Amino acid sequence: MKMISVDHISKSYGEKLLFNDISFTIGERERVGLIGVNGTGKSSLLKIVAGIDQAENGEIISGKDYTISYLPQDPKLHQGLTVLEEVFYGDAPILRLMREYETALIEMQNSPEDTGLQEKLSKLQQRMDSENGWDANTAAKSILTKLGIGEFTKLTSELSGGQKKRVALASVLIQAPDLLILDEPTNHLDHESIKWLEDYLGRYTGSVLLVTHDRYFLDRVTNRIFELEGGSLYSYKGNYAAFLEGKAIREENEAATSEKRKNLFRKELDWIRRGAKARTTKQKARIQRFEELESQVSSGKTDEKLDMSIGASRLGKQVLELKHGSKRFGNKLILDDFNILVKPGDRLGIIGKNGTGKTTLLNILAGRIPLDSGEMEIGQTVKIAYYTQENEGLQEDKRMIEYLKETAQIVHTTDGKTISVAQMLERFLFPSFTHGTLIRKLSGGEKRRLFLLKLLLEEPNVLLLDEPTNDLDTQTLTVLEDYLEDFPGVVITVSHDRYFLDKTVDQLLVLQGEGNISFVYGNYSDYLEKEMQKVEIPPQQKPERDTRQEKPKKRKMSYNEKREWEGLEDKIAEAEARLEEIAEEMAKTGSNFEKAQELMKEEEGLNQKLEQLIERWSFLEEIASEG
């Protein structure tokens, strides 16, 4: 049984401690989602497990033949290669074989009479037969096609950023390693590609460790969740929904413990203020205990609620109106005599396949790209904030607090109060000691969060959001959604994130390409369900049943079957209870690799047995209900 153990590792970034002395094990066919606020070290942990970065202490334990493939958040492709060559670029044996075969083919085309090349090609063909190289070659092209990449001979340097990410994803999938490590794999994927990836990972025979902001994807793909918080790692069995339930229970328990600690701290503080003299051993011990308590209370996790209750400027009746708008880029038609009236309070989502012009439409509404023809009217009271895919105006050599104070010195909240920019930074999960940090030292996700805060400090009344879920953590997204729910202005967003769209919009603009745009009321899931119903193949008409035929006799349960059926529920309960015990024991194994392996083997056998028991119970239950 193949598995990998991470044993007591720690990692810092400059003065910032990312995680400290964390351990975990990933077994066969586990689908692990990694969650945490931006800047807690999710990408760093993925790199350490992938062997690209090193921890400051601890070790990674796995078998010699254990293979890992890693998809970074921003992959760098090799210059001068075609799409197919890039997919085949790697150290996996099957990739080396396919490269050799493709090279030999090209050499044969140039020197068809060379007998040495003929012999070499013949041997490579035999190896392709024996090592399933043909299947891998076909699979590579199939994966690329499913991810929206159809031009296999196109140079990677000619691809867009989103296309490069999809080619890199195809490259790691084709390697079929024991562990797939994926950092934001759904970025730049449309709904069809995400759905295909969900199905692919569901069938995948290896294990998966991934970071994603897409909560529907996380819920449907994972069977275990790791959460990085406050330098520690917490493990939850189940998918994203199970994680939310487990985290709520954990935080309730921690809150009770924290309150007891604070009460004790208050008593100790009162004693220390009365001027205790540290002359006796007892007094020294008590002062030492006070110092420990002080450290625990001051370093304890605060209630990390991301409060975005920032006010908005007044918005009049006229917002945005596009009349007979047309726009073309080269041969690509984006808008064709398009009309739209945006009203106060509108929540509008823009969706469509990659390349249909979603960002272009947003840029037109923002006044950044002119129309070829038509008219764009903007109300006098409109104040637009445009959250683009790039961190525009983010001055890397400035400190966070200085950067924000260029926009506002104080912030007006929705309840009419005013707070300082420093307080707003703390609400955005930037502790006070980080406010002087240079922006270039922040993680990618922290920069996105800071950029969002900068825009909201402007107190806009129209928010244009271009893929806002990319690079933001799930916690930030959850509170951003709550903020948008109370936001009194207009929200127009381009997004492929189904969860985010379901929570934030009630109208959709569907860009179908070639200037075809349809308007749909409802959320994204409603729209997808209707689209699925359209493409469903109607069932074949069944031949009329001969009613004169004698109905089959109902089967009765035998005495032995009845006894078996009555005892199956107890056996199922016993198996489920033991599986829970195994999960608890595995969490305590630490670096005991052999013990963990034994437990995982028992777990695998129990899961198979449980499946058989449930199948048998269902069969007997059906007979019982007929009788």
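# Briefing: cores, cavity and salt bridges

The lining of the largest cavity is made up of four nonpolar, four polar and three charged residues. That cavity belongs to a predicted model, in which one cavity of 30 Å³ or more is counted. The structure also has a largest nonpolar core of 52 residues and holds 28 salt bridges.

**Cavity**

- The space in the largest cavity comes to about 40 Å³.
- Its lining draws on several stretches of the sequence, including Leu34, Ile35 and Gly36, then Val211, Thr212 and His213, and also Leu472, Asp473 and Thr474.
- Lys42 and Glu184 complete the list of lining residues.

**Nonpolar cores**

- Within the largest nonpolar core, the members that touch the most others are Leu169, Leu182 and Leu201.
- Leaving aside residues up to four places away in sequence, Leu182 touches Leu46, Leu71, Leu169, Val172, Leu201, Val208, Leu209, Leu210 and Val211.
- Leu169 and Leu201 are therefore among the contacts of Leu182 as well as being core members, since contact here means heavy atoms within 4.5 Å.
- Val211, one of the residues touched by Leu182, is also part of the lining of the largest cavity.
- There is a second, separate core of 34 residues, and Ile310, Leu442, Leu453 and Val491 are among them.

**Salt bridges**

- Lys353 and Glu192 meet through their side chains in a salt bridge, with 3.6 Å from N to O.
- Lys353 sits in the loop between β12 (347-352) and α11 (358-365), while Glu192 belongs to helix α7 (residues 191-203), so this pair ties together parts that are 161 residues apart in sequence.
- Lys353 is partly exposed, at a relative accessible area of 47%.
- Glu198, Asp214, Arg220 and Arg498 are joined into one network by salt bridges that share partners.
- Arg127 and Glu131 form a salt bridge whose closest N and O atoms are 3.3 Å apart.
- Both partners of that bridge are partly exposed: Glu131 has a relative accessible area of 35%, and Arg127 has 33%.
- Glu151 pairs with Lys154 in a salt bridge, the closest N and O atoms being 4.0 Å apart.
- Glu151 counts as exposed because its relative accessibility is 52% and the cut-off for exposed is over 50%.
- Lys154, by contrast, is partly exposed, with a relative accessible area of 22%.

Definitions and conventions: Residues are numbered from 1 along each chain as its sequence is written. This is a predicted model: local features need pLDDT of at least 70, side-chain atom pairs count only at pLDDT 80 or more; totals for chains, interfaces and linings use all residues. Side-chain values use heavy atoms; hydrogens and water are left out. A nonpolar core is a set of buried Ala, Val, Leu, Ile, Met, Phe, Trp, Tyr and Cys residues joined through side-chain atoms within 4.5 Å. Buried means under 20% relative accessible area, exposed over 50%, partly exposed in between (1.4 Å probe, protein chains only). On a 1 Å grid over the protein atoms alone, a cavity is a set of points where a 1.4 Å probe fits but cannot get out, and a pocket is an open set with protein on both sides within 12 Å along at least five of seven lines; lining residues have an atom within 4 Å of a point. Grid points are joined across faces, edges and corners, and a volume is the space filled by probe spheres set on the points. Ala, Val, Leu, Ile, Met, Phe, Trp, Tyr, Cys and Pro count as nonpolar, Asp, Glu, Lys and Arg as charged, and the others, Gly among them, as polar. Helices (H or I, at least four residues) and strands (E, at least two) are DSSP runs, numbered from the N terminus.
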